[in-house]
Amino acid sequence: MNEMTDQLEVIGHQKVVSIEDLPEVVFEYILSQLSPYRQLIDCKLVSKSWRLCVIETIKKLKRDFVHNLSNQLIQWSHFSPQSGPSISPRYSHSACCLGDSMYVFGGCTIANTTFNDLWRFDLSTRTWIRPIATGTFPSPKACASLVDYNNHLVLFGGWTHSSPYPIHQEWRIFNHIHLFDTITDRWSLVVPNSYCPAIAGHSASIVGHHMIVFGGLQSAANNPLPFFSSNDIWVLDLQDFVWHKQSASNPKPFARYGHSQVVIDDRHILIIGGSGGPNMLFSDIWMLCIPEDKSLEWVWKPIEVMNKDSTTAPQISFHPTCKVSNLLVVLSASQKARSLQCKDGNILRKPSVRSQYVSPKDTNDKNAMAVNTESQASNEVPIASTSGCSSPQTSGAINMRPLSRRNRQRQLEGLDRMEQRIRQLKTNTFSPLAVRSSTVKSDIEAPQNPMQLFVLDLSQVIDRNVVKWIHKSNFISDGPEEVILYSLVAGRAEIIMFGGLQKDKNMKQNQTEGGVNDIPDIVSNHLHIITAKKCII
Amino acid sequence: MNGEYSLDTTEGMAASGDPPTNNAVDDYDAEEALERQREEENKIKIKLKSFEGGVYECGLTAAKMSVMVANMLDALQETDLTKIATREPIPLQNDAVTNKALEKIVEWVDHHWDDPPIDPDFDDEKERRNEELSHWDKQFIDIADQGELFDIIAAANFMDIKGLVEVGAKHICNKIKGKSCTEVREMLKIHNDFTPEEEAAIHKENEWIYAKD
């Protein structure tokens, strides 16, 4: 660099060209190649013309991303965990994007035990960092909500499974609120000034100074049983930490959990999908309207999906969603197998065969049917078993432990095998040749049913209460293998998917003769990022 | 790499009636034929004239990497390519195309003319995008005089040589990466035209961007 300076002085008589004299398109291109996080934003401070160009570039990045999302011009990048300390595999964790970071808290292991660790994925350097946090840590839990407010993360609710030792512990739902200060890396437990129930599998978002919580599985704060799914709205004032239960007009959405919630603007929130119980999957969408006048009642509006036909509409009940501009993004495996579930009715029922609770001897006859049901509703079952939605009135909750202990050995074996597979998959994904050949069916390493991108147009949701799936034309083969219970958050001109639970389809077939329906699950700690397909200049 | 030779391929197949396994062979032959043609054409030298008047010789295939030059040559509608060599030098009317810049550009296209063509069907742009610059390109573009560097990028942009613009852009991008704004300013000799108040305001604006969005 010194050399550069010297030389500049020597040839001082020549016309001095600066980077700002480059054609605008080239300058913008250079900036757009920078990481859209800290790096690009800091470039605003270089000079006035840089600031303008950075602002233009950011706008363009956003615009291009929205445009490319709606046209399916996207690309996946896959990040397997870095060497050294890294986040362990998990599902049903909580995730939230704040500035340059995606935070991930808690979640479940393969054995249904829960974590209480907090990780930060630095989006500009693409590395996992575990902040050295102090203060009052939350309990290990999954299915909690994590939202950001004023440089803090607000962690609320969630559940934990009983740990295997000592036995006969009951699982429980929390009503704790923890704040994580992202500047000092400090946890604190907030004691609210009023009551709220314990909730898990709910959804939450920040509107102004309020955290709005909808639905979930609820129980009384100090008594885990009975619990029930709810359609209540609870509002926490984040300035004085007072909860209140918000009333809203009829008709209301059915009680549910596992749904997703996005904020459209300060007055409108969308609720998407979810489940009302073991046999009820929802694919409906509701809009919660918050009136300006605080004394008025909040209003629910059912939202009509204009094209629910099977080719364009994905299964939305248990898939997390995220909003980019006026688009709602959902990932789901290809829809051929699922089209049946998207029928007009909002409530989807499946035969209530719960083979999990049937002893091996009895299953021989039912086996075929049970497995079929499982494969059709593979979305539903793991949730049922992990978030404890098998209603407590049946003996489900009690039966779960012995079963999972008996299967532990097999699960571990399955995990081993999966690890090998993932390793193979990893090498595969990064070799361009292998990616190209992934269309060849015999290539078993390639995802058999890669996640596809589905985009819902929300531009008319407020005015006309309708939404529309944007027609999907191309099949994208470089997506990750289908998983569920992952997290999906929007970063800057990208969407980040992390973790989740995967059903190994090969093993499913192999083990059907084995009797019991103990398909090994695979838990992921892979990170997948969707960005716009970038064109070369 | 398919589109251009599809005609040859289908003919070959129809004639021989062979199963599509031969397809690859034909493809390969066609590819080779085209490569030979490009090689032959590159032996024809054409002249390019810089804004400052310097004339530089360059292989025809290499020169055609500039979309602008290729269009100009097409416009001549010359069937006998050898005649192009004897023509007047092609003038490049942009003040970025200095002698030095043109010399470097000719060096670049002469090195890259036999790069495999970009296949639009191969939708792995990211492979290309994430690709590090080759060792040769790195040495080529590591130019101490930044006036010259920007001239080359601007000239390459003017002449519409996408590959070279990309090399230049990536090079600058790599230099910016990991640097603070002060370091960027210093490196690129940019005058800070903000008042301290303005700077503080942007800091605040940036903080807001971090927190929000």
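# Exercises with worked solutions

With a relative accessible area of 46%, Ser325(A) is partly exposed. This residue belongs to a predicted model, and the exercises below start from it.

**Exercise 1.** Work out where Ser325(A) lies in chain A, and what is notable about its phi.

Solution. Begin with the burial class: a residue is buried under 20% relative accessible area and exposed over 50%, with partly exposed in between, so Ser325(A), at 46%, counts as partly exposed. Next, place the residue in the chain, where Ser325(A) is found in the loop between β24 (321-324) and β25 (327-332) of chain A. Finally, look at the backbone: the phi of Ser325(A) is near 55°, which is a positive value in a residue other than glycine. As a background rule, most residues other than glycine have a negative phi.

**Exercise 2.** Decide whether Gln72(A) is buried or exposed, and describe its backbone.

Solution. First, the position: Gln72(A) lies in the loop between α4 and β1 of chain A. Second, the backbone: its phi is near 60°, a positive value although the residue is not glycine. Third, the accessibility: Gln72(A) has a relative accessibility of 4%, and therefore counts as buried. Gln75(A) can be treated in the same manner, since this residue sits in strand β1 (residues 74-79) of chain A and is buried, with a relative accessible area of 4%. To see how Gln75(A) relates to another part of the chain, take Gly258(A), which is 183 residues away in sequence and, from C-alpha to C-alpha, 27 Å away in space.

**Exercise 3.** Identify the kind of peptide bond that joins Asn250(A) and Pro251(A).

Solution. Start with the angle: omega is about -5°, and the bond is cis. Then locate the proline, for Pro251(A) lies in the loop between β19 (242-246) and β20 (260-265) of chain A.

**Exercise 4.** Find which residues have the most contacts inside the largest nonpolar core, and list what surrounds Trp50(A).

Solution. The largest nonpolar core has 90 residues, and those with the most contacts inside it are Ile19(A), Trp50(A) and Leu48(B). Helix α4 (residues 48-70) of chain A contributes the most to this core, namely eight residues. Turning to Trp50(A), and setting aside its neighbours within four places in sequence, we find contacts in chain A that include Ile19(A), Phe27(A) and Leu31(A), and contacts in chain B that include Ile176(B), Val184(B) and Ile190(B). A separate, second core has 19 residues, among them Ala142(A), Ala200(A), Phe318(A) and Ile484(A).

**Exercise 5.** Classify the aromatic pair of Trp119(A) and Trp128(A), and then that of Phe137(A) and Trp187(A).

Solution. Over all chains, the structure holds 16 aromatic pairs. In the pair of Trp119(A) and Trp128(A), the ring centres are 6.5 Å apart and the planes make an angle of 90°, which is edge-to-face. Both of these tryptophans are buried. In the pair of Phe137(A) and Trp187(A), the centres are 6.5 Å apart and the planes are at 50°, which is tilted. Because Phe137(A) lies in the loop between β6 (134-135) and β7 (145-149) of chain A, whereas Trp187(A) lies in strand β12 (residues 186-190) of chain A, the pair ties together parts that are 50 residues apart in sequence. The two partners also fall into separate classes of accessibility: Phe137(A), at 36% relative accessibility, counts as partly exposed, and Trp187(A), at 1%, counts as buried. As a last step, ring pairs link Phe79(A), Trp119(A), Phe121(A), Trp128(A) and Phe498(A) into a cluster.

**Exercise 6.** State which rings have the charged end of Arg90(A) or of Arg256(A) over them.

Solution. The charged end of Arg90(A) sits over the ring of Phe115(A), at 4.1 Å from the ring centre. For Arg256(A), the ring is that of Phe282(A), and the charged end is 4.2 Å from its centre.

**Exercise 7.** Judge which helix of chain B has the highest mean pLDDT and which element has the lowest.

Solution. Chain B as a whole averages a pLDDT of 79, and 78% of its residues score at least 70. Among its elements, helix α6 (residues 99-112) has the highest mean pLDDT, 93, and helix α1 (residues 6-16) the lowest, 40. Over residues 1-20 of chain B the pLDDT stays under 50, and over residues 120-129 of chain B it is also below 50.

Terms used: Residues numbered from 1 in each chain as written. Chains lettered and ligands numbered in written order. Predicted model: local features only at pLDDT ≥ 70, side-chain atom pairs only at ≥ 80, totals over all residues. Heavy atoms only, no water. Core = buried A, V, L, I, M, F, W, Y, C linked by side-chain atoms within 4.5 Å. Buried < 20%, exposed > 50% of the residue type's maximum accessible area, 1.4 Å probe, protein only. Helix = DSSP H or I, 4+ residues; strand = E, 2+ residues; numbered from the N terminus. Contact = heavy atoms within 4.5 Å. Phe/Tyr/Trp six-rings, centres within 6.5 Å; stacked < 30°, edge-to-face > 60°. Lys NZ or Arg CZ within 6 Å of the ring centre and 35° of its normal. pLDDT = per-residue confidence, 0-100.
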